[in-house]
Amino acid sequence: MDAEGRPFSQKAQARNISLHGAKLAGLEKQLKPGDVIGVQSGDQKTRCKVIWVVDAGPVEKIEAGVKMVEGQPCPWQKEMEAPPTPADPPSPRRAPGMEDKRKFPRQRVGFPVEIRDEQGGGAYMKTQTADINGCGCYVETMLPLPAGKIITIMFWLGSERISTPALVRTCDGGVGMGIEFTGLEPAMQERLQAQVEAMAADSEPSENEKDAS
């Protein structure tokens with residue numbers, strides 16, 4: 001549905017793709033933030049929520065930042081995981097610590113973190129992750145920091161406050177950023193992974209709740 005409530009279907013380009021969302025360019029129908037639209041890439045369909053919309057002029061037409069609705073599949077995951085061809089530069093949009101995610105599966109939990117950009121005038125952000133594992137996280141924000149930025153991440157493990165240097169690995173404009181924890185020892189990574197997995201388990205509906213639904 002477009003902003004006026006009329007159904008439409010058209011081809012568009014997905015740019016700045018990530019496991020969480022993308023920028024859609026070349027739209028001919030006006031959308032508005034909060035709209036939920038269907039997106040299909042190849043044979044994979046998903047539902048996305050519109051985060052922002054801009055009129056980019058007669059060439060680019062309408063652009064929109066979208067993120068996948070919770071629980072929906074990523075329609076371009078195959079493209080993101082495919083190795084680059086010799087003619088292609090390395091993709092900057094791979095998820096942070098993709099190799100490490102085989103050891104530490106991502107958990108879609110809102111884990112409280114604090115982000116400090118000491119090199120950028122002491123900018124500070126207190127937020128929650130969209131997903132996290134022992135090696136990194138993804139934070140949804142309209143104003144992500146640029147890829148390659150060195151920052152400090154702080155969070156709590158039980159009663160212990162942890163502070164670690166981190167690196168912004170991916171920057172998805174208007175959607176969020178992928179962050180790699182670069183200063184955590186393996187034992188601390190294991191502790192963090194255990195805590196987020198426990199949080200994920202607690203957030204899953206019980207069998208009684210599933211039966212009731």
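Me: Leaving out residues up to four places away in sequence, which residues does Asp2 touch?
Reply: This is a predicted model, so take the contacts as computed from it. Asp2 itself lies in the segment before S1. Skipping residues up to four places away in sequence, the ones Asp2 touches are Phe8, Lys29, Gln30, Leu31 and Asp35.

Me: How many ångströms separate Asp2 and Lys29, C-alpha to C-alpha?
Reply: Lys29 is one of the residues that Asp2 touches. In sequence the two are 27 residues apart. In space, C-alpha to C-alpha, Asp2 and Lys29 are separated by 6.0 Å.

Me: Is Asp2 buried or exposed?
Reply: The cut-off for buried is under 20% relative accessible area. Asp2 has a relative accessibility of 6%, so this residue counts as buried.

Me: And Lys32, what is its class of exposure?
Reply: Lys32 sits in the loop between S2 and S3. Its relative accessible area is 40%. Buried means under 20% and exposed means over 50%, with partly exposed in between. Lys32 is therefore partly exposed.

Me: Which residues does Lys32 touch, again not counting those up to four places away in sequence?
Reply: One of its partners is Val53, which is 21 residues away in sequence and 6.4 Å away in space, C-alpha to C-alpha. With residues up to four places away set aside, Lys32 touches Ala3, Val50 and Val53.

Me: Where is Ala147, and what is its relative accessible area?
Reply: Look in the loop between strand S9 (136-140) and S10 for Ala147. This residue is partly exposed because its relative accessible area is 47%.

Me: How far apart in space are Ala147 and Arg169, C-alpha to C-alpha?
Reply: Ala147 touches Val168, Arg169 and Cys171, not counting residues up to four places away in sequence. Along the chain, Ala147 and Arg169 are 22 residues apart. The C-alpha to C-alpha distance between Ala147 and Arg169 is 5.2 Å.

Me: Which strand gives the largest share of the lining of the largest pocket?
Reply: The largest pocket holds about 390 Å³ of space. It has 17 lining residues, and the closest to its centre are Gln10, Ala12, Gly38, Val39 and Gln40. Strand S1 (13-15), strand S2 (21-27) and strand S3 (36-41) are the elements that give two or more residues to this lining. The largest share, five residues, comes from S3.

Me: How many residues in the lining of the largest pocket are nonpolar?
Reply: The lining splits into three classes. One residue is charged and six are polar. The nonpolar residues number ten.

Me: What percentage of the protein's residues is buried?
Reply: The secondary structure comes to four helices and twelve strands. Of the contacts with a separation of 6 or more, 55% are between residues 24 or more positions apart. The accessible surface is about 12,000 Å², with 51% of that belonging to carbon and sulfur atoms. Among the 213 residues, the buried share is 40%.

Me: Which element has the lowest mean pLDDT?
Reply: Across the protein the average pLDDT is 81, and 82% of the residues score at least 70. By element, strand S10 (residues 150-157) has the highest mean, 94. The lowest mean, 50, belongs to helix H4 (residues 207-212).

Me: Over which residues does pLDDT stay under 50?
Reply: Where pLDDT is low, the predicted coordinates should not be read in detail. The stretch in question has 24 contacts beyond four places in sequence in the model. pLDDT stays under 50 over residues 85-101.

Methods: Residues numbered from 1 in each chain as written. Predicted model: local features only at pLDDT ≥ 70, side-chain atom pairs only at ≥ 80, totals over all residues. Heavy atoms only, no water. Buried < 20%, exposed > 50% of the residue type's maximum accessible area, 1.4 Å probe, protein only. Contact = heavy atoms within 4.5 Å. Areas by Shrake-Rupley, 256 points an atom, 1.4 Å probe, with all protein chains shown as cover. 1 Å grid on protein atoms, 1.4 Å probe; cavity = no way out; pocket = protein on both sides within 12 Å on 5 of 7 lines; lining within 4 Å. Points joined across faces, edges and corners; volume = space filled by probe spheres on them. Nonpolar A, V, L, I, M, F, W, Y, C, P; charged D, E, K, R; others polar. pLDDT = per-residue confidence, 0-100.
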